[in-house]
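Please look over the sequence and the model below before reading on. The paragraphs that follow go through the strand pairings and then turn to the chain as a whole.

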Amino acid sequence: MSDDDYVYDEVTGEWRPASEMAAQAAAATEVRDSAGNVLADGDSVTLIKDLKVKGTSTTLKQGTVIKSIRLTENPEEVDCRHDAIKGLVLRTEFLRKR
């Protein structure tokens, strides 16, 4: 989009430049771990706390490494896969980037 394009911002009720809106949207989708490090797709993370997994009798222990995470639309959750559990979604407050 060029700087001449304007988009109506429903939150503020004003017409704002499209480039400004795109920059704001990119900043809002930034996902951070418990230590404040920025996470990206494919990162490896470590659990900072023992977590009981709902629906199973499995407990993921502190220090467990989760490889190749995928970001979701919610900046507080990441989608990941563990050897014992498929389709696992973890909250970023329990993760630390490796």
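**Strands, sheets and overall form**

L71 stands opposite V78 in strand 10, and this pair is a convenient place to enter the structure, which is a predicted model. Strand 10 covers residues 77-80 and pairs with strand 9 in the antiparallel sense, the two being held together by two bridges. Beside the pair just named, R70 has D79 of strand 10 as its bridge partner. Between strand 9 and strand 10 the chain turns back through a hairpin of five residues.

Strand 10 also pairs with strand 11, again in the antiparallel sense, and here the pairing runs over four bridges. Within this second pairing, C80 stands opposite L88 of strand 11. Taken together, these strands give an open sheet of three strands with the order 9-10-11 and antiparallel pairing. Its edge strands are strand 9, at residues 70-71, and strand 11, at residues 88-91, each of which pairs on one side only. As a guide for reading side chains on such a sheet, it helps to recall that in a regular strand the side chains alternate between the two faces of the sheet.

A further open sheet of three strands has the order 8-5-12, and its pairing is antiparallel as well. Strand 8 (65-66) and strand 12 (95-97) stand at the edges of this sheet, and because each has a single partner strand, one side of each is left without a neighbour in the sheet. Strand 5, made of residues 45-47, is joined to strand 12 by three bridges, and the two run antiparallel. One of the facing pairs here is V45 with K97, its bridge partner in strand 12.

Toward the start of the numbering, strand 1 (residues 6-9) and strand 2 (residues 14-17) run antiparallel and are joined by four bridges. Y8 has W15 of strand 2 as its bridge partner. The hairpin of strand 1 and strand 2 has four residues between the strands, and in this hairpin G13 takes a positive phi near 80°.

How many helices and strands does the chain have? There are one helix and twelve strands, and along the sequence they follow the pattern β-β-α-β-β-β-β-β-β-β-β-β-β, with the helix placed after two strands.

The overall dimensions can now be set beside these local details. The radius of gyration of the chain is 18 Å, whereas a compact globule of 98 residues would have a value near 13 Å. Along the principal axes, the C-alpha atoms fill a box of roughly 55 × 25 × 20 Å. Of the 98 residues in the chain, 27% are buried, a class that takes in residues under 20% relative accessible area. Among the contacts in the chain with a separation of 6 or more, 40% are between residues 24 or more positions apart.

The surface and the charges complete the picture. The accessible surface of the chain comes to about 6,800 Å², and carbon and sulfur atoms account for 47% of this area. The chain carries 14 positive and 18 negative charges, and the mean positions of the two groups lie 17 Å apart.

Methods
Residues numbered from 1 in each chain as written. Predicted model: local features only at pLDDT ≥ 70, side-chain atom pairs only at ≥ 80, totals over all residues. Heavy atoms only, no water. Pairing = 2+ DSSP bridges. Rg over C-alpha atoms; globule rule 2.2 N^0.38 Å. Buried < 20%, exposed > 50% of the residue type's maximum accessible area, 1.4 Å probe, protein only. Contact = heavy atoms within 4.5 Å. Areas by Shrake-Rupley, 256 points an atom, 1.4 Å probe, with all protein chains shown as cover. Lys, Arg positive; Asp, Glu negative; His and termini not counted. Charge placed at Lys NZ, Arg CZ, Asp CG, Glu CD.
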